Amino acid sequence: MARRSSPEVNAGSLADIAFLLLIFFLVTTTIETDSGISRKLPPMQEENVEPPIIKEKNIFQVIVNRNNDLLVEDELMELSALKDAAIAFLDNGGGVGPEACNYCQGAGDPSSSDNPAKAVIMLVNDRQTEYGTYIAVQNELVGAYNELRDRTAQRLYGKSFSQMEENYDNVNFTGNKEELKEQIEEIRDMWPQKLSEADPKSN
Amino acid sequence: MSKFTKKKSSELPAINTSSLPDIVFMLLFFFMVATVMRQNTLKIQNTLPYADQVEKLDKKDLVMYIYAGKPSQRYQQTMGTEARVQLNDNFAEVSEIQQFIYAERESKREELIPFLTTALKVDHETNMGLVSDIKLELRKAEALKINYTTRQGDAAQNMQ
């Protein structure tokens with residue numbers, strides 16, 4: 001049988017085909033921005049359940065009106081000052097006896113919150129409030145909690161809370177995950193996110 | 001003498017392009033792996049607000065998406081300019097959300113249902129009234145884990 005050398009395939013147009021596919025994928029796909037503020041909604045309540053009684057001083061009231069103005073504890077406030085005000089309230093630790101808070105570093109003002117477990121932030125919106133403002137306020141309040149958790153984690157375990165959570169989610173983390181989970185739970189219990197949202201006012 | 005004078009060709013040598021397909025394929029694979037196909041065609045304006053205290057939403061199959069915002073330019077003739085809810089590919093009423101959640105749950109495996117999260121992709125100009133209505137419906141449907149999807153950035157930009 002005569003051997004014939006097979007002719008070389010012309011690969012010059014391969015680039016064109018690949019470019020075509022590349023452009024197709026470039027146009028049809030988007031790198032999605034899937035990150036955001038996670039929240040948990042309260043379950044539906046039955047009609048005849050009485051709401052628990054919370055002392056006035058343990059409530060931090062944030063009202064956003066229809067013009068996107070902030071009213072914090074009956075005073076007008078800029079968004080940039082909200083985080084510090086929330087931290088001051090949560091970190092106050094004004095309780096005495098069994099309600100005292102031994103890890104708070106706040107002013108200890110008896111007219112502000114007793115301890116972080118009792119402190120509730122109440123957010124009231126108007127129906128006309130813009131969503132962007134609402135997210136900005138939520139962001140600042142969550143930021144306040146995160147900062148306090150970071151502080152406590154740094155003091156107890158020498159690393160920030162976000163670092164601990166990151167380690168916990170990391171598959172390649174070599175440390176003890178069980179222990180880490182307990183530490184994360186402990187810090188969450190120390191600074192529970194008690195963010196209550198009232199039904200928006202219609203006028 | 002002519003032994004030493006090099007013959008200078010007047011033409012430029014052709015550039016070898018045989019590795020061009022390899023480079024392009026590499027780019028192609030990168031984009032194929034790194035990007036996700038858009039699930040829904042948006043019929044609304046959807047400029048998300050900024051936030052910096054964000055958590056990532058991995059596990060895309062465990063996320064249900066609810067969009068809200070003003071109808072885009074081409075739908076404003078028929079739908080008006082009032083903010084609307086979009087589920088899957090169509091405009092929907094707020095009252096249809098419960099049904100949507102149940103249908104989504106039905107399509108997932110049973111053991112995954114407790115981990116389902118609802119991502120709210122709401123335009124930053126929407127009024128809170130609509131968002132509260134959506135949240136009330138989600139509470140009724142017992143879809144309590146939600147995530148306000150945002151862009152990464154300074155939250156103060158939302159106020160401008």
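This is a tour of a predicted model, going from chain A as a whole to two helix pairs, the contact with chain B, and two residues of chain B.

**Chain A, whole**

Start by selecting chain A and colouring by secondary structure. Five helices and seven strands should appear. Read from the N terminus, their order is α-β-β-β-β-β-α-β-α-α-α-β. The radius of gyration comes to 27 Å, whereas the globule rule gives 17 Å for 203 residues, so chain A is more spread out than a compact globule. Along the principal axes, the C-alpha trace extends over about 105 × 50 × 40 Å. Colour by burial next: 26% of the 203 residues count as buried. If a contact map is at hand, take the contacts in chain A with a separation of 6 or more; 57% of them join residues 24 or more positions apart.

**Helices α2 and α3 of chain A**

Two packed helices are described by the angle between their axes and the distance between the axes. Select residues 79-90 of chain A, which form α2, together with residues 131-157, which form α3. Their axes lie 9 Å apart and meet at an angle of about 40°. Since an angle of this size is neither roughly parallel nor roughly perpendicular, α2(A) is oblique to α3(A). The crossing of α2(A) and α3(A) is right-handed.

Now show side chains at the contact. From α2(A), pick Leu79(A), Leu82(A), Lys83(A), Ala86(A), Ile87(A) and Leu90(A). From α3(A), pick Ala136(A), Val137(A), Glu140(A), Leu141(A), Gly143(A), Ala144(A), Glu147(A) and Leu148(A). By class, this contact of α2(A) with α3(A) has 10 nonpolar residues, one polar and three charged.

**Helices α3 and α4 of chain A**

Keep α3(A) and add residues 161-169 of chain A, which are helix α4. Here the axes are 7 Å apart, at an angle of about 85°. This places α3(A) roughly perpendicular to α4(A), because angles of 65 to 115 degrees count as such. On α3(A) the contact uses Asn146(A), Arg149(A), Asp150(A) and Ala153(A). On α4(A) the residues are Phe161(A), Ser162(A) and Met164(A). The contact of α3(A) with α4(A) divides into three nonpolar, two polar and two charged residues.

**Where chain A touches chain B**

Show both chains and select the residues in contact across them: 47 from chain A and 53 from chain B. On the chain A side, at least two residues each come from α1 (14-28), β1 (29-30), β2 (35-40), α2 and α3. Which element gives the most? That is α3(A), with 11 residues. The side of chain A that touches chain B holds 21 nonpolar, 17 polar and nine charged residues.

**Gly69 of chain B**

Move to chain B and select strand β4, residues 63-69, where Gly69(B) is found. Gly69(B) has 24 other C-beta atoms within 10 Å and is therefore buried. Beyond residues up to four places away in sequence, Gly69(B) touches Ile44(B), Gln45(B), Asn46(B), Ala83(B), Val122(B), Asp123(B) and Thr126(B). Add a distance label from its C-alpha to that of Lys43(B), 26 residues away along the chain: the separation is 9.1 Å.

**Asp154 of chain B**

Last, go to the segment after β8 (145-152) of chain B, which contains Asp154(B). Is Asp154(B) buried or exposed? Asp154(B) counts as exposed, because it has 11 C-beta neighbours inside 10 Å. Setting aside neighbours within four places in sequence, Asp154(B) is in contact with Tyr50(B) and Asp52(B). The C-alpha atoms of Asp154(B) and Pro49(B) are 9.6 Å apart, with their positions 105 residues apart along the chain.

Key
Residues are numbered from 1 along each chain as its sequence is written. Chains are lettered from A and ligands numbered from 1 in the order in which they are written. This is a predicted model: local features need pLDDT of at least 70, side-chain atom pairs count only at pLDDT 80 or more; totals for chains, interfaces and linings use all residues. Axes are lines fitted to C-alpha atoms, for helices over the stretch in contact, and angles run from 0 to 180 degrees between N-to-C directions. Helices (H or I, at least four residues) and strands (E, at least two) are DSSP runs, numbered from the N terminus. Angles under 35 degrees count as roughly parallel, over 145 as roughly antiparallel, 65 to 115 as roughly perpendicular and the rest as oblique. A crossing is left-handed if the near helix is turned anticlockwise from the far one by less than a right angle, and right-handed if clockwise. Two residues are in contact if their C-beta atoms, placed from the backbone, lie within 7 Å. Ala, Val, Leu, Ile, Met, Phe, Trp, Tyr, Cys and Pro count as nonpolar, Asp, Glu, Lys and Arg as charged, and the others, Gly among them, as polar. The radius of gyration is taken over C-alpha atoms; the globule rule is 2.2 Å times the number of residues to the power 0.38. A residue is buried if 20 or more other C-beta atoms lie within 10 Å of its own, exposed if 12 or fewer, and partly exposed in between; C-beta atoms are placed from the backbone.
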